[in-house]
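Grab a pencil and work through these exercises with the structure open beside you. Each task is followed by a solution that goes step by step.

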Amino acid sequence: MGRKLVNLDNVYANNLGMLKKICEIDNPSIVYQSNFFEELFPKDTKKDTFFAQLAYYSEIPVGAIKSKLYPKKKGDIYPKGVHIEVMAVLDQYKDNGIEDEFLQYVSEQCKNHHQHNIYVHVPVSNENTISWYKDHGFEAEEQPLKEIFTTKEGSVDGILLKKHIE
Amino acid sequence: MSRRRGGAKPKQVAKAAAGKDHHTQFLEALKLYEGKQYKKSIKLLDTLMKKHVTPDCLALKGLDSYFLGEKTEAADFVKQAISKIEGTKASAICCHVLGIYMRSVKSYADSIKWFQASLDNGSTNKQIYRDLATLQSQIGDFKAALASRKKYWESFVGYRANWTALAIAQDINGERQQAINTLSQFEKLAEGKISEAEMYEHNECLIYKNDIMYRNAGDNGEKLEKVLHHLDTIEPKVFDKFGLLERKASIFMKLGKVKEASLVYRTLIKRNPDNFKYYKLLEVSLGVTTNNKLRKVLYEKLATFYPRCEAPKFIPLTFIHDETELSKKLSEYILPQLKRGVPATFSNVKPLYLKRRNIIPKLVEKIVIDYLSEQDSKKQPIPYIWSCYYLSQHYLNLRDYQKAHEYVEKAIGHTPTMVEFYLLKARILKHTGELDKAAAILEEGRNLDLQDRFINCKSVKYYLRANQVDKAVEVASLFTKNDDSVNGVKDLHLVEASWFISEQAEAYHRMHISAQKKLEELRAETTDSEDENKSSEIKELEWSMEKYEGLSLKRFHAISKFYKQFEDDQLDFHSYCMRKGTPRAYMEMLAWGNKLYTQPMYVRAMNGAAKIYFKMYDNSLKRKQDSDGSSKFAEGDKKKAKKEASSLTKRKNEDRKKAIAYPESEDKDVFGDELLNTKEPLKIFDSNFYADYNKQVQDYERNNILDFEFQYRNGKLALCLGALSKYEKKNGQKSGVFGAMAIILILATRESSTCDLIAKKVATKGLEADYSFLPLNEVENDSFDWLNYFKENFHSKDLNALLLLKQTSLFDEDKVKELILDTISQDEPLLQNYVLQYVL
């Protein structure tokens, strides 16, 4: 007994649909790139490294995270480090500390891969999320980045947040 | 089996044959056959037959060819051999060979004939008796089987299997006392010599003997005491303690020793407190079945003994009348399950919904709605979603589709990652007739969890219901072995997935009807204009229509084949069960075999096939009437026609790959064309479906409507009368189907009807004798309005009855249609749509 109510587990090709569903429900306005989910299970041998997890509340999948390792800097938008590409938790399950667990998970992956920075892009309008990240030790870059999100209404500016870990 | 393996290893073949006489050489060929060297055997036989062609050689050559896979040649040789034999006057070996061949091709009656002949013609091979007994058991000739078993037993008394086999045969033939004696005799012989390995067999035989004794005792108290005594003596040796205790209790009950019986039932409950049956029997033994007060006390007590068990909590819900108390008990039963998030909560309560429809749903609705209102969707997400799920099922059960939909949407909105909710939502949509949407919802759910076989199957089924066969096959193929074919259809046949095949058959049938309707419309539009596009469209539709009907029939036949295979599979067990010493399992298998062709799946396939075959028959009658109706369409441009034909052939080849169900070598008729082209649809239907059903079905479960329809088309009015009166006994003289059958039968006795004169007379006499209230005088009156008579005198709002009337085409089509529409106006959308699209 003494089983935890919330657990994280890997994403598999067979339950990729869950990840997709959670992301789409949580951010209904975002338009994901065509290969955004499928790239976790590439048909050819690609070298990109992803860290993706599903969060289960009493065995029901309720949260999802997908992050990507950038071993080298890639343009101004993607500095070296681990980038959280999406982190979503179903609305009704938000108060269970799932986000914290996700963050914990990403930090560990960061350490395991000898990285010192976690990055995340958030649309400028999404103040709640930005303040959540700030509360968790993230710092915002000065300048918002132009039009990096595609939504159903058009492009949106984003802000890059960064957390440094030793 | 008498095909001995191993044997000598004859290396020298034809060369060494020279010099020996004909018979010795033949025996050598036989040995080669036994050593599975069929080709060499044939070679030797060929050299022999250069000199002298004997039935022996031909028969053996036939058998050799059969095992080499050359089945048509084999049949030919065997036929030649038999033609050379007068009656069954042949050498014992020849007869034996023929018997083996006949068994291999599954003509068991012939096989028995030749095995018997072999013995009559002086074979000393006693093994034949065992084969004979097996075959006789397979065709159900147990009297003959008993004789064979006895002979075999006499020759080989040293084997337990033969004693068991003999006892079983005696038991089946009603010679129970002899069976008991046989078993007892062996027990004496074996006493003290039974090894550890034989203990299981021994225990089965002991309890089987007790079975026979119990059946033999009937209600005779003295004999029952003896059975009980026997049971006590064998108890330490018997493994099946449940069976033993159940037997003990039922003997006590028969003897009127209810106190002892109740004690045994309590022991049984203790062993397995989840078996509802034991609780019921305990009630009977305590004599409290009608006293609800005592029952309540009993179950309260039992609930304290077995706090984690369903039965003592559930059973009181079936009889408590007081609403407040019932309500309290229901909450105690349901709410903990919702709290834990038990998906099956509704299924657990559903029996109560059916049994106590007036009170249970009402109470439960309030309980769950109240409970749901107390749940915070964020703090108690689990009880919240499962309560919504429960309520949705609740309203679906009450056919309040809108509310059902509301609640399932609530659940999905809350937790969109729960596959169950999608299943339920699709089910609701199915009931409201939105089949395509239902399939799409299931697909959405399926994509959440690709490794879930259950939702995969459901998704397939819903696609088939929505007539999207290609998509269904694609999804189903994710879980099948698709080695040498483009999809899983072949594999699904191999694994006998009858759920898929029957659904596919029905989908094809619906698609056939749609194609036919479309074709008719299109033809009506293009009577004179020579539109090129339309003509190719028509060609396409013609092909679809034919293809779908053929495939539908093909699939129904596949199911019939499965059941024939099941029947055939029993063959091995007539000897296997004896050897393994499992007489009780054997008896169970025989009972199963006796109602094989009444299983729901078989009946479903039969009904589906009946629709097609009956229509084929009716159409053939129509065609006879207006034989010049065809080929109205002029031949178009030849070049174009050729091009069209070639593109169609290409299409056909592609379709062929998708539809193929059996290995190509075994079955050439992929689309079921041959089945469609039969000249005798009724006969084929009989031999492939109806005859087996008719043999096994019991009166209470018989489909009298099908009987009637079949015999009506056969012109066997006396049998129609039989179906009519059986139906009347079950459903009364006011029932719509009875009325429809009676009217059809009356009209069949008209002078103008084509039925046999004697049949007409029999039917008339029968109707006069039993149903003189029918307007039999009006038979020849053309102005009598039969439809109106039907409407005024029977429960005319009966879909089955109206469909029966419609099929005969004896009545004004529009009027019947009107009646049908009126009848289904109150039904659920699913049925309405079905009738509108595929029946009218």
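**Exercise 1. Polar links between two domains**

Task: In this predicted model, find how many residue pairs are in polar contact across the interface of domain 1 of chain B and domain 2 of chain B, both residues being at pLDDT 80 or more.

Solution:
- Step 1. Run the polar contact rule across that interface: it finds 0 residue pairs with both residues at pLDDT 80 or more.
- Step 2. Now see which helices do the touching. On the domain 1 side of chain B, α6 (92–104) and α7 (108–120) each supply at least two residues that face domain 2 of chain B.
- Step 3. Rank the contributions: α7(B) gives the most to that side, with 7 residues.
- Step 4. Sort the residues of this domain 1 side by type, and you get 5 nonpolar, 6 polar and 2 charged.

**Exercise 2. A salt bridge between the domains**

Task: Count the salt bridges across the interface of domain 1 of chain B and domain 2 of chain B, then check the pair Asp131(B) and Arg103(B).

Solution:
- Step 1. The rule gives 1 salt bridge across this interface.
- Step 2. For Asp131(B) and Arg103(B), the closest N and O atoms are 3.6 Å apart.
- Step 3. The cut-off is 4 Å between a side-chain nitrogen of Lys or Arg and a carboxyl oxygen of Asp or Glu, so a pair within it counts. Asp131(B) and Arg103(B) do form a salt bridge.

**Exercise 3. Sizing up the domain interface**

Task: Work out how much area is buried between domain 1 of chain B and domain 2 of chain B.

Solution:
- Step 1. Place the domains: domain 1 of chain B covers 1–123 and domain 2 covers 126–239. Their C-alpha centres lie 37 Å apart.
- Step 2. Count who takes part: 13 residues from domain 1 of chain B and 10 residues from domain 2 of chain B.
- Step 3. Read off the area: about 1,100 Å² is buried, and carbon and sulfur atoms give 76% of it.
- Step 4. Find the main contributors. In domain 1 of chain B, Tyr108(B), Ile112(B) and Leu119(B) lose the most area to domain 2, together 48% of what that side buries.

**Exercise 4. Where chain A meets chain B**

Task: Describe the interface of chain A and chain B by its contacts, its buried area and its polar links.

Solution:
- Step 1. Start with contacts: 17 residues of chain A touch 18 residues of chain B.
- Step 2. Add the area: the two chains bury about 1,500 Å² between them, with 60% of it on carbon and sulfur atoms.
- Step 3. In chain A, Asn14(A), Lys21(A) and Gln92(A) lose the most area to chain B, together 40% of what that side buries.
- Step 4. Look for charged pairs: the rule finds 2 salt bridges across the interface of chain A and chain B. One of them joins Glu444(B) and Lys21(A) at 2.4 Å, N to O.
- Step 5. Polar contacts come to 7 residue pairs, both residues at pLDDT 80 or more.
- Step 6. Finish with the elements on the chain A side: α1 (16–26) and β3 (60–70) each supply at least two residues, and α1(A) gives the most, with 5 residues.
- Step 7. By type, the chain A side divides into 9 nonpolar, 5 polar and 3 charged residues.

Notes:
Residues numbered from 1 in each chain as written. Chains lettered and ligands numbered in written order. Predicted model: local features only at pLDDT ≥ 70, side-chain atom pairs only at ≥ 80, totals over all residues. Heavy atoms only, no water. Domains from an automatic or database assignment. Contact = heavy atoms within 4.5 Å. Buried area = accessible area lost by both parts, 1.4 Å probe. Polar contact = N/O pair within 3.5 Å; in protein donor to acceptor, adjacent residues only side chain to side chain. Helix = DSSP H or I, 4+ residues; strand = E, 2+ residues; numbered from the N terminus. Nonpolar A, V, L, I, M, F, W, Y, C, P; charged D, E, K, R; others polar.
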